[in-house]
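Visitor: Hi! Could you walk me through this structure?
Guide: Happy to. Have a look at it here, and then ask away.
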Amino acid sequence: MLKVSNLDVYYGAIHAIKDVSLEVPDGEIVTLIGSNGAGKSTTLHTISGLIKPKNGSIVFEDTDITGMAAHKIVGMGLCQVPEGRHVFANMTVMENLELGAYLRSDKAGIAEDMDKIFQKFPRLLERKTQVAGTLSGGEQQMLAMGRALMSRPRLLLLDEPSMGLAPLLVKEIFNIIKEINESGTTVLLVEQNANMALSIADKAYVLETGRIALAGTAQELASSEAVRKAYLGG
Amino acid sequence: MDMGSLLHQFLQQLINGISLGSIYALIALGYTMIYGILKLINFAHGDIYMLGAYFGFVATTMLGFSFVPAIIFAMVGAAIAGIIIERIAYRPMRNAPRIAILITAIGVSFLLEYGMMLIATPQPRTFPAVFAADVYHFGPLVVNSQQIVILVSAIILMAILTYIVQYTKIGKAMRAVSFDTDAARLMGINIDRVISATFALGSALAAAGGVLVGIYYNSIDPLMGMVPGIKAFVAAVLGGIGIIPGAMVGGIILGVVEAMVSGFISSTFRDAAAFGILIIILLYKPAGIFGKNVREKV
């Protein structure tokens, strides 16, 4: 579904992403793990079109989207939930969800999807007229995910969904990611919490200082000595 | 002065101030909206207001339009001009340092001022009276029909703007872009289109202000935008730059303060009062009346 080949990304003179290639097959959960500053978010931002790569190509469902404008990529069915949620804190929960459906004009479908999201996240329903800035971290994460789902993505990019959340909430969020995937959305998950990520993923890549250091099935990586030492706490 | 005439003078200046202030508010809205989206102080904005006055002049004298079609004509003309200016002058500078864009804005301002002199000559033009200037007496207070038209037009336009920003799709997109540009792009919002729409709306409001001033003072000239442009900027800062209700309130307050200073002290101190407000605001509440302390993102 998504094929990234030989990607090179620079921030000014800094070579942030070096020759990264990865593949996300249709219907799977693929995770990209690695420590802080390894280049995980940069990879996602490049796929989403927020940053232009120097070299390499990004192909989504047989279309070359390398260097395409971010809003066009969303229109093709690829949506990102950014790190740190980035909800529109000055707008209500409803307005945030409506903005998720910005490119759609099927009113009935939008209303239907909004109902589905409120079913998935009942806490958002309780707060639907509340301004997003007043929500807790977990609720904001749910809102950011719900907002992305409003665009009916076929591929969902999730950047650190567990960041700053209590362990119980992390579990809840990961269960929801599994549900989203089971209902037909392919997921590319970036996580520092390698344990959780590997527990739900099919395939995994380890990113180290801008390079893919390891790749394999999630099971393989979870049992790999190197990964356990570096990312799973022994 | 006894208490009665003091009160009378106060109320009279309040009326004058509110009508003058609602024009500042119309111009300030454009400053604040463009700042909200691009973080750019568009110093050419006062000249868009001048351009609007000339469009209104053309509509009433050459095309024979009455008031409402003339103001709509001016607003549409200025909106198109605003879109073109953004497209040609500001968009190529999108990723340039802030100071470079600021200097570009000053350049655009000069281009409009002296370009208009080239086209229309520097001579002031007499703006035709588009409706009868009736004077109404409420006891000792005097209100003329122009003041009523200015206030009513400004209120209608601000109500329309509020509706657009709060309830329409493009309005929500504007708020989203202004709050978090990258997150807005990840929603599929075309930033360029939102910026164009913002310039169009802001320019149209300034043009309406230009036509209303033309009607009020009967005279327009190519440099008429300089001082009101700066005053409207003060109004936007006073209300809190980037905040739409702030621009409305800031404009009215500035107009009232100027009218009071003119009425009670001397009209030569009027401009000093406006800039005095700017200094006080920058010293004691730089975020403006409606501004919140900005939290830095970690």
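Guide: One definition to begin with: two residues are in contact if their C-beta atoms, placed from the backbone, lie within 7 Å. Please also keep in mind that this is a predicted model.

Visitor: Okay, so how many residues does the contact take from chain A and from chain B?
Guide: Chain A puts in 19 residues and chain B puts in 14 residues.

Visitor: Which helix gives the most to the side of chain B that touches chain A?
Guide: That is α6(B), with 5 residues. Both α6 (169-179) and α7 (181-186) of chain B supply at least two residues each to that side.

Visitor: And what is that side like by class?
Guide: On the side of chain B that touches chain A there are 7 nonpolar, 2 polar and 5 charged residues.

Visitor: Switching to chain A: what's the strand order in the sheet?
Guide: The order is β2-β1-β4-β5 (chain A), in an open sheet of 4 strands with antiparallel pairing.

Visitor: Why is one side of β2 and β5 left without a neighbour in the sheet?
Guide: β2 (14-24) and β5 (63-64) of chain A stand at the edges with a single partner strand each, so one side of each has no neighbour in the sheet.

Visitor: How many bridges join β1 to β2(A)?
Guide: There are 7 bridges between strand β1 (residues 2-11) of chain A and β2(A), and the two run antiparallel. To pick out one pair, A:Val4 has A:Leu22 in β2(A) as its bridge partner.

Visitor: Which strands does helix α1 of chain A lie across?
Guide: Helix α1 (residues 40-48) lies across β1, β2 and β4 (55-60) of chain A, and runs at about 70° to β2(A).

Visitor: Now chain B. Is α9(B) mostly covered or mostly uncovered?
Guide: Mostly covered, with 11 of its 14 residues buried. Among them are B:Pro228, B:Phe233 and B:Leu238.

Visitor: What do those buried residues pack against?
Guide: In chain B, the buried residues of α9(B) pack against α1 (3-38), α2 (45-62), α10 (244-264) and α11 (270-284). Just after α9(B) comes B:Gly240, with a positive phi of about 115°.

Visitor: Last one: which residues touch the most other members of the largest nonpolar core?
Guide: Of its 163 residues, those are B:Ala74, B:Ala78, B:Ala207 and B:Ala208. Helix α8 (residues 191-217) of chain B brings the largest share of this core, 15 residues.

Visitor: What does B:Ala208 touch?
Guide: Leaving out residues up to four places away in sequence, B:Ala208 touches several residues, including B:Leu26, B:Ile71, B:Ala74 and B:Leu157.

How values were computed:
Residues numbered from 1 in each chain as written. Chains lettered and ligands numbered in written order. Predicted model: local features only at pLDDT ≥ 70, side-chain atom pairs only at ≥ 80, totals over all residues. Pairing = 2+ DSSP bridges. Axes fitted to C-alpha atoms, helices over the stretch in contact; angles between N-to-C directions. Nonpolar A, V, L, I, M, F, W, Y, C, P; charged D, E, K, R; others polar. Buried ≥ 20, exposed ≤ 12 C-beta atoms within 10 Å, placed from the backbone. Core = buried A, V, L, I, M, F, W, Y, C linked by C-beta atoms within 7 Å.
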